[in-house]
Amino acid sequence: MPDAATNDSPSIFDGLTGQEHAAGILDNILGSGAPSHAYLFHGTGGTGKVEAARRFAAALVCGAGGCGGCDDCEKALRGVHPDIVMVEPVGAFITVDQVREVNRSVNLHPGEGQARVYIMSPAEAFNSESANAFLKTLEEPPPFAYFLLIASGIDQVLPTIVSRCQLIRFQPVRPERIEERLREQADLSPVMAQAFARVSRGNLALAEELASDPALAGRRQRYIEAAARLTRGDTGTTPARLAAELLAEVEGSLEGAGVEQPPEGFFSATRRQQEQDAHRRETAARRAEVALALDMIGTWFRDLMVTASGAIEAVYNKDYELELEGLALPSRTEDYRRAVAVVEATRAKLGYNIDLELALQAMFYELLEVL
Ligand SMILES: [Zn+2]
């Protein structure tokens, strides 16, 4: 299938990989000439939702409905259009102060374009206080204002917000499409392109990062190897040691990255707030990396299960095919399935305020029992 949303006429969404369905719906909405004032773009992370929102916003501010070539479109696509405002969390949440700023500015007539558009990402970051402050504006904005909300997990968005938006679903990108993209862009062996495309499970952005960031690719390898050592029953693999090693790897990734700074100028924070926000961002980054580690470990046990049941061609971690073949025992297919469940259960708890070290020790303890 081509990248274009439709095969006949050019579209502002051309080139959005793997989102023909969502792009088709958005094209129809724009074609109808009567877009709603609030949309929630939702679905797997890394599938181009923010990029699609930028393009949709371009079509709203452009006098020609998204020609792609005018000054409004060009600025919108570069993310510098003055009538398109990006609202992102400060620390863990989109705060009530940020929402008040939106409530105030929403009534200002667009300066350059045909509309004023707010892209708010992620919508999971509204807390009940900021959501309450936002509901009236979301429900009855001025005729020229639009809200494009972005969420990976719609279940984590407050229902009061969800119910006031039109929903647009973004599908995971098919692994073959991701593989194609990786082969075009990066100097990767076919085996690695296939492995990264498959282990990222529809998250195109993650696959591209694995392909372009050797540090991330290295961590993926070490997370997989921890799971492989467990499977082989290597000596010295105690739950405490495995958990400590994994967390050391996670901390190393935070040092390298340097935690992101908040968007400047949207509202000014006191120094104390800034420190709290920095701490929250670090906590969020740590949890995201642990989640990634568990996802990678989960793919290993899934691959063992698949290999043990005789379907080695369906393995995600193609670069470990030989090792998987050597280790997977058909008689233990059910144990591998249980190992996948153990990892997934721990992964599901990460959203809560849990002690990471204890949770990981408990997971490795259970895995040792199962295996
Ligand atoms: Zn234009």
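A residue counts as exposed if 12 or fewer other C-beta atoms lie within 10 Å of its own, as buried if there are 20 or more, and as partly exposed in between. Keep that handy while you work through this predicted model.

**Exercise 1. Work out which sides of helix α10 are buried and exposed.**

Step 1: find the helix. α10 covers residues 214-232, 19 residues in total. From first C-alpha to last it reaches 26 Å, close to the 27 Å expected at 1.5 Å a residue.

Step 2: list the buried residues. For α10 these are Arg219, Arg220, Tyr223, Ile224, Ala226, Ala227, Leu230 and Thr231. They cover an arc of only 145 degrees around the axis, so they sit on the same side of α10.

Step 3: recall the helix geometry. An α-helix has 3.6 residues a turn, so residues three or four places apart point the same way.

Step 4: look at the other side. There, Pro214, Ala215 and Gly218 of α10 are exposed.

Step 5: see what comes next. Gly233 follows α10, and its phi is positive, near 70 degrees.

**Exercise 2. Check the span of helix α14, then describe its buried side.**

Step 1: compare the spans. α14 (residues 333-349) has 17 residues, which should span 24 Å at 1.5 Å a residue. Its end C-alpha atoms are 25 Å apart, so the two agree.

Step 2: pick out the buried residues. In α14 they are Tyr336, Ala339, Val342, Val343 and Thr346. Their arc around the axis is only 110 degrees, which puts them on the same side of α14.

Step 3: ask what covers them. The cover over the buried residues of α14 includes α12 (271-308) and α15 (356-370).

Step 4: turn the helix round. The face of α14 turned away from its buried side carries Glu334 and Ala348, both exposed.

**Exercise 3. Describe the largest nonpolar core and one of its residues, Ala123.**

Step 1: start with the core. It has 49 residues, and those with the most contacts inside it are Ala57, Ile119, Ala123, Leu148 and Leu149. Helix α2 (residues 49-61) gives the largest share of this core, eight residues.

Step 2: zoom in on Ala123. Leaving aside neighbours within four places in sequence, Ala123 is in contact with Leu40, Leu149, Ile150, Ala151, Val157 and Ile161.

Step 3: look for another core. One of 46 residues lies apart from it, and Leu182, Ala207, Ala293 and Val343 are among its members.

**Exercise 4. Track down two unusual backbone spots, at Pro122 and Arg201.**

Step 1: remember the usual case. Most residues other than glycine have a negative phi, and most peptide bonds are trans.

Step 2: try Pro122. The peptide bond joining Ser121 and Pro122 is cis, with omega about -5 degrees. Pro122 is in the loop between β3 (116-120) and α5 (128-139).

Step 3: try Arg201. Although Arg201 is not a glycine, its phi is positive, about 45 degrees. You'll find Arg201 in the loop between α8 (190-199) and α9 (204-212). With 18 other C-beta atoms within 10 Å, Arg201 is partly exposed.

**Exercise 5. Decide how compact the whole protein is.**

Step 1: count the parts. The protein has 15 helices and five strands.

Step 2: use the globule rule. The rule gives 21 Å for 371 residues, and the radius of gyration is 23 Å, close to that, so the protein is as compact as a globular protein of that length.

Step 3: place the domains. The domain assignment gives domain 1 (20-169) and domain 2 (213-370), and their centres are 33 Å apart.

Definitions and conventions
Residues are numbered from 1 along each chain as its sequence is written. This is a predicted model: local features need pLDDT of at least 70, side-chain atom pairs count only at pLDDT 80 or more; totals for chains, interfaces and linings use all residues. Domain bounds come from an automatic or database domain assignment. Helices (H or I, at least four residues) and strands (E, at least two) are DSSP runs, numbered from the N terminus. The expected span of a helix is 1.5 Å times one less than its number of residues. The arc is that of the directions from the helix axis to the C-beta atoms. A nonpolar core is a set of buried Ala, Val, Leu, Ile, Met, Phe, Trp, Tyr and Cys residues joined through C-beta atoms within 7 Å. Two residues are in contact if their C-beta atoms, placed from the backbone, lie within 7 Å. The radius of gyration is taken over C-alpha atoms; the globule rule is 2.2 Å times the number of residues to the power 0.38.
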